[in-house]
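Please read the following account alongside the sequence and the model, taking each part of the chain in turn. It begins with the cysteines, moves on to the helices, and ends with individual residues in strands and loops.

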Amino acid sequence: MARKDGRTVDALRPVTIERGWSAQAEGSALISVGSTKVLCTASVQPSVPRWMAGKGKGWVTAEYSMLPRSTNERMDRESVKGRIGGRTHEISRLVGRSLRAVVDMKALGELSIVVDCDVLQADGGTRCASITGAYVALAEAIEWAKAQKRIPASANPLIDSVSAISVGIVDGTPMLDLAYVEDSKAETDMNVVVTGRGLFVEVQGTAEGAPFDRTELGALLDLATGGCDELAALQRSVLA
């Protein structure tokens, strides 16, 4: 089955990751997945949250936000509204959990790394693009910390890579990497976070219309792991 953009059901949109995009941040990556673009910046801070102090462990967390004109119509900034929306909180926590799944906090030492994921342009899959780009920014920040002797050169805080991709059932057909036009009419929508070794960090799946069966779930997970294999290979190439 061909899609509106000409892709097959198991094909990713064109993906690029520009490492070191920000001159100020210790680590950064601009990731483009089709028309979706997310700037990920990683900041190294010389302390940990108060509840972790003195334990000899580091901390990795993330914050996610969308620029007002990242979508077809302008959104108000959440800072102007005076509160952070539930979706923003949810995605921030998801990105943080995904990164922490592949970090040895003891090897990191008592440092914090905060990764900011700012959506410049949205066309579906922004949370998945954020995770994939955030890993590259995190890896670059850890390299910087080693070069600055904030982390011992012999330490290996990164124990694996992590990436994420959306899948869904559209018009009865399982598909990989949904653009907005597909995501908005999907009968089932799923975000899958996978490590470089092929282990699942998170599977978020919802039937928007008809419930999905075990066979369809398996097909979606197969598509997702195949897509994340491609993203992991791209991450390795960018960081080589």
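In this predicted model, the sulfur of Cys 117 has its closest cysteine sulfur in Cys 40, at 4.0 Å, which is too far for a bond, since a disulfide is a pair of cysteine sulfur atoms within 2.5 Å. Cys 117 has a relative accessibility of 0% and therefore counts as buried. A second cysteine can be read in the same manner: for Cys 128 the closest cysteine sulfur belongs to Cys 228, and the separation of 7.7 Å is again too far for a bond. Cys 128 is buried too, with a relative accessible area of 3%. By the distance rule, the count of disulfides comes to zero.

Cys 128 may serve as a way into the helices, for helix α4 covers residues 126–147. How do the axes of helix α2, residues 86–100, and helix α4 cross? They come within 10 Å of each other and cross at roughly 40°, and the two helices are therefore oblique to each other. The crossing in which α2 passes α4 is right-handed. On the α2 side, the contact is made by Arg 87, Glu 90, Ile 91, Leu 94, Val 95, Ser 98 and Leu 99, while α4 contributes Thr 126, Arg 127, Ser 130, Ile 131, Ala 134, Tyr 135 and Leu 138. Sorted by class, the residues in this contact of α2 with α4 comprise eight that are nonpolar, three that are polar and three that are charged.

Helix α4 also has a contact with helix α6, which spans residues 214–239. The axes of α4 and α6 come within 10 Å and cross at roughly 30°, an angle at which the two helices are therefore roughly parallel to each other. Here, too, the handedness can be given, since α4 passes α6 in a right-handed crossing. The residues of α4 that make this contact are Thr 132, Tyr 135, Val 136, Ala 139 and Glu 143, and those of α6 are Leu 231, Gln 235, Val 238 and Leu 239. Six of the residues in the contact of α4 with α6 are nonpolar, two are polar and one is charged. Tyr 135 is listed both in the contact of α4 with α2 and in that of α4 with α6.

Tyr 135 leads on to the loop between α4 and β6, where Asp 160 is found, for Tyr 135 is among the residues that Asp 160 touches, together with Val 102, Thr 195, Gly 196 and Arg 197, when residues up to four places away in sequence are not counted. Is Asp 160 buried or exposed? Its relative accessible area is 12%, and Asp 160 is therefore buried. The C-alpha atoms of Asp 160 and Val 103 are separated by 7.5 Å, although these residues are 57 residues apart along the chain.

Gly 196, one of the residues touched by Asp 160, has its place in the loop between β8, residues 188–195, and β9, residues 200–207. With a relative accessible area of 32%, Gly 196 is partly exposed, and, leaving aside residues up to four places away in sequence, Gly 196 touches Asp 160 and Ser 161. Between the C-alpha atoms of Gly 196 and Thr 132, which lie 64 residues apart along the chain, the separation is 11 Å.

Two further loop residues deserve attention for their backbone angles. Most residues other than glycine have a negative phi. Lys 149, in the loop between α4 and β6, has a positive phi of about 65° although it is not a glycine, and at 75% relative accessibility Lys 149 counts as exposed. Asp 177 likewise has a positive phi, of about 60°, and is not a glycine; this residue lies in the loop between β7, residues 173–176, and α5, residues 180–183. At 1% relative accessibility, Asp 177 counts as buried, whereas Lys 149 counts as exposed.

The last residue to examine is Thr 41, which lies in strand β3, residues 36–45. At 13% relative accessibility, Thr 41 counts as buried. When residues up to four places away in sequence are not counted, Thr 41 touches Ser 22, Ala 25, Gly 27, Ser 28, Val 114, Val 115, Asp 116 and Ala 137.

Key:
Residues numbered from 1 in each chain as written. Predicted model: local features only at pLDDT ≥ 70, side-chain atom pairs only at ≥ 80, totals over all residues. Heavy atoms only, no water. Buried < 20%, exposed > 50% of the residue type's maximum accessible area, 1.4 Å probe, protein only. Axes fitted to C-alpha atoms, helices over the stretch in contact; angles between N-to-C directions. Helix = DSSP H or I, 4+ residues; strand = E, 2+ residues; numbered from the N terminus. Parallel < 35°, antiparallel > 145°, perpendicular 65-115°, else oblique. Left-handed = near helix turned anticlockwise from the far one by under 90°. Contact = heavy atoms within 4.5 Å. Nonpolar A, V, L, I, M, F, W, Y, C, P; charged D, E, K, R; others polar.
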